[in-house]
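Here is a small set of exercises to work through with the model open beside you. Try each task on your own before you read the solution.

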Amino acid sequence: MRKLVSGLFVSLDGVAQSPDRWQFAFDEEMGVEMGRTMAEADTILLGRVTWTEWSGYWPSVTDGEDLAFAEWINSSPKHVVSTTLTDVSAWPNSHLVSGDLATAIRELKAADGKDITVSGSPGLVRSLIAADLLDELTLFVSPVVAGQGLEKLFADDAELTRLDLVGARPTSSGTVIATYRPRH
């Protein structure tokens with residue numbers, strides 16, 4: 001059975017939306033962790049907002065420091081979870097997830113292949129945790145308070161959910177990489 005994993009940038013105050021506005025340092029250790037995820041996963045799960053934003057950017061990257069990620073994400077199968085999109089063919093290798101989310105995720109996890117990773121998509125990550133479908137959550141906790149007006153990873157009225165810490169380490173920029181698994 002394949003694992004469903006996610007890695008998200010979050011601020012000290014729990015913000016996960018628009019890390020490009022508040023996540024100021026990207027260090028070697030973070031790059032190593034993201035490289036590990038890319039090596040261990042061959043399928044990507046995206047929410048509508050992330051797919052819409054990224055489908056307009058990543059296919060156009062042909063050189064520079066983002067090239068390795070662009071090549072990986074552009075060539076990997078992307079499964080897009082959305083109740084409003086009807087067509088995702090604009091970004092090659094994209095497939096629309098239709099029907100019941102839990103059923104679709106269980107089918108993906110049962111298929112052959114490496115891990116499945118959720119890229120960005122904090123709303124989707126919340127839904128996957130609530131449905132007990134996410135196997136591992138890695139948070140890149142940036143030493144910054146993002147402030148008001150941006151969406152937090154978990155709402156103030158979120159249900160109590162217990163996770164086990166399986167690893168944590170600080171990076172040279174002060175970010176803490178913390179990995180959790182749901183407690184069953």
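**Exercise 1. The overall fold**

Task: Find how many helices and strands the chain has, and work out in which order they run.

Solution. This is a predicted model, and its chain holds 5 helices and 8 strands. Reading from the N terminus, the order is β-α-β-α-α-β-β-α-β-α-β-β-β.

Next, look at the overall dimensions. The C-alpha trace spans about 40 × 40 × 30 Å along its principal axes. For 184 residues, a compact globule would have a radius of gyration near 16 Å, and the chain agrees because its own value is 16 Å.

Finally, turn to burial and contacts. Of the 184 residues, 40% count as buried. Among contacts between residues at least 6 apart in sequence, 71% join residues at least 24 apart.

**Exercise 2. An aspartate ahead of a helix**

Task: Decide whether D27 is buried or exposed, and list the polar contacts of its side chain with M30 and S173.

Solution. Start with the location: D27 sits in the loop between β1 (4-11) and α1 (28-40). Its relative accessibility is 8%, so D27 counts as buried, the cut-off being under 20%.

Now go through the polar partners. A polar atom of the D27 side chain lies 2.9 Å from the backbone nitrogen of M30. The side chain of D27 also makes a polar contact of 2.5 Å with the side chain of S173.

Then widen the search. Once neighbours within four places in sequence are set aside, D27 is in contact with T171, S172 and S173.

**Exercise 3. A serine and two backbone nitrogens**

Task: Identify which backbone nitrogens lie by the side chain of S82, and find how far apart the C-alpha atoms of S82 and D27 are.

Solution. S82 belongs to the loop between β3 and β4. With a relative accessible area of 13%, S82 falls under the 20% cut-off and is therefore buried.

The backbone nitrogen of T84 is 3.0 Å from a polar atom of the S82 side chain. For the backbone nitrogen of L85, the distance to a polar atom of that side chain is 2.9 Å. Leaving out residues up to four places away in sequence, S82 touches R48, L96 and V97.

As a last step, compute the separation from D27: the C-alpha atoms of D27 and S82 are 33 Å apart, with their positions 55 residues apart along the chain.

**Exercise 4. A threonine in a strand**

Task: Locate T179 and find which residues it touches.

Solution. T179 is part of strand β8 (residues 176-182). Its relative accessible area is 9%, so T179 is buried.

The side chains of T179 and T138 are joined by a polar contact of 3.1 Å. Beyond residues up to four places away in sequence, T179 touches E136, L137, T138, D164, L165, V166 and G167.

**Exercise 5. Positive phi outside glycine**

Task: Compare the phi angles of N93 and D132 with the general rule, and say where these two residues lie.

Solution. Begin with the rule: most residues other than glycine have a negative phi.

N93 has a positive phi, near 70 degrees. This residue is in the loop between β3 (78-81) and β4 (94-97), and at 35% relative accessibility N93 counts as partly exposed.

D132 also has a positive phi, of about 55 degrees, although it is not a glycine. D132 lies in the loop between α5 and β6 (136-142) and is partly exposed, with a relative accessible area of 42%.

**Exercise 6. The second largest pocket**

Task: Describe the volume of the second largest pocket, its lining and the chemical character of that lining.

Solution. The volume is about 370 Å³. The lining of the second largest pocket has 15 residues, and I129, A130, F154, E159 and T161 lie nearest its centre.

Which element contributes the most to this lining? Helix α5 (residues 122-130) does, with 5 residues. Sorted by character, the lining residues of this pocket are 7 nonpolar, 3 polar and 5 charged.

**Exercise 7. An exposed leucine**

Task: Work out whether L160 is buried or exposed, and find its C-alpha distance to R181.

Solution. L160 is in the loop between β6 and β7 (163-170). Its relative accessibility is 71%, over the 50% cut-off, so L160 counts as exposed. From C-alpha to C-alpha, L160 and R181 are 15 Å apart, and they are 21 residues apart in sequence.

How values were computed:
Residues numbered from 1 in each chain as written. Predicted model: local features only at pLDDT ≥ 70, side-chain atom pairs only at ≥ 80, totals over all residues. Heavy atoms only, no water. 1 Å grid on protein atoms, 1.4 Å probe; cavity = no way out; pocket = protein on both sides within 12 Å on 5 of 7 lines; lining within 4 Å. Points joined across faces, edges and corners; volume = space filled by probe spheres on them. Helix = DSSP H or I, 4+ residues; strand = E, 2+ residues; numbered from the N terminus. Nonpolar A, V, L, I, M, F, W, Y, C, P; charged D, E, K, R; others polar. Buried < 20%, exposed > 50% of the residue type's maximum accessible area, 1.4 Å probe, protein only. Polar contact = N/O pair within 3.5 Å; in protein donor to acceptor, adjacent residues only side chain to side chain. Contact = heavy atoms within 4.5 Å. Rg over C-alpha atoms; globule rule 2.2 N^0.38 Å.
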